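Visitor: I'm new to this structure and would like a close look at one part of it. Could you take me through how the helices pack against each other?

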Amino acid sequence: MGGGISTVASLVMALLGFGRNVAADPQRAVRAFFIGETAKIALVIVLFVVVLKTMKVVPVAMLGTYIATFFVFWVALANALPPLGGTKPRAGTDK
């Protein structure tokens, strides 16, 4: 359940942060990300409360899977980004 909560909340954030032509205006893009992140946090809280109130789960295990999914997202993001130092020059070029 924790992994599902994390995945659904991240999906909502991505849809709100990257939707409706937000790339055309920098202020709109920043605003969309703030709205998306706010919705994500609110959704995580609501879903945790709903699951804990309506289902019989082990809270520590649910929180552990939530955290594990969160780390997987960060590792995937870190692997997708280019190295910080830029690209290395090709062999045989001095510039």
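Guide: Let's start from the outside: the chain exposes about 7500 Å², and carbon and sulfur atoms supply 72% of that area. Keep in mind as you look around that this is a predicted model. Buried residues make up 20% of the 95 residues in the chain. You'll find three helices and zero strands here, so to speak a plain α-α-α pattern when you read along the sequence. Contacts also reach across the sequence: take those between residues at least 6 apart, and 60% of them join residues at least 24 apart.

Now for the packing itself. Two packed helices are described by the angle between their axes and the distance between the axes. Let's go pair by pair with that in mind.

Take helix α1 (residues 2-18) and helix α2 (residues 26-54), whose axes are 8 Å apart and pack at an angle of about 160 degrees. An angle over 145 degrees counts as roughly antiparallel, and therefore α1 and α2 are roughly antiparallel to each other. The crossing of α1 past α2 is right-handed. On the α1 side, the contact is made by I5, V8, A9, S10, V12, M13, L16, G17 and F18. Facing them from α2 are A32, F33, I35, G36, E37, A39, K40, L43, V44, L47, F48 and V51. Sort this α1 with α2 contact by class and you get 16 nonpolar, three polar and two charged residues.

Next comes α2 with α3. Here the axes are 11 Å apart, and the helices pack at an angle of about 155 degrees. That also puts α2 and α3 roughly antiparallel to each other, and their crossing is right-handed. From α2, the residues making the contact are K40, V44, F48, V51 and L52, while α3 brings P59, M62, L63, Y66 and F70. By class, the contact of α2 with α3 has nine nonpolar, no polar and one charged residues.

The remaining pair to visit is α1 with helix α3 (residues 59-80). Their axes come within 6 Å and cross at roughly 45 degrees, which makes α1 oblique to α3. This crossing, too, is right-handed. G2, G3, I5, S6, T7 and S10 are the α1 residues in the contact, and they meet M62, T65, Y66, T69, F70 and F73 of α3. The class count for α1 with α3 is five nonpolar, seven polar and no charged residues.

Let's zoom in on a couple of residues in α3. Y66 sits in this helix and is buried, because its relative accessible area is 16% and the cut-off for buried is under 20%. Leave aside its neighbours within four places in sequence, and Y66 is in contact with G2, G3, I5, S6, V44 and F48. Y66 and T7 are 59 residues apart in sequence, yet their C-alpha atoms are 8.7 Å apart in space.

G64 lies in α3 as well. At 36% relative accessibility, G64 counts as partly exposed. From G64 to G3 you'd travel 61 residues in sequence, and the C-alpha to C-alpha distance in space is 8.7 Å.

Key. Residues numbered from 1 in each chain as written. Predicted model: local features only at pLDDT ≥ 70, side-chain atom pairs only at ≥ 80, totals over all residues. Heavy atoms only, no water. Axes fitted to C-alpha atoms, helices over the stretch in contact; angles between N-to-C directions. Helix = DSSP H or I, 4+ residues; strand = E, 2+ residues; numbered from the N terminus. Parallel < 35°, antiparallel > 145°, perpendicular 65-115°, else oblique. Left-handed = near helix turned anticlockwise from the far one by under 90°. Contact = heavy atoms within 4.5 Å. Nonpolar A, V, L, I, M, F, W, Y, C, P; charged D, E, K, R; others polar. Buried < 20%, exposed > 50% of the residue type's maximum accessible area, 1.4 Å probe, protein only. Areas by Shrake-Rupley, 256 points an atom, 1.4 Å probe, with all protein chains shown as cover.
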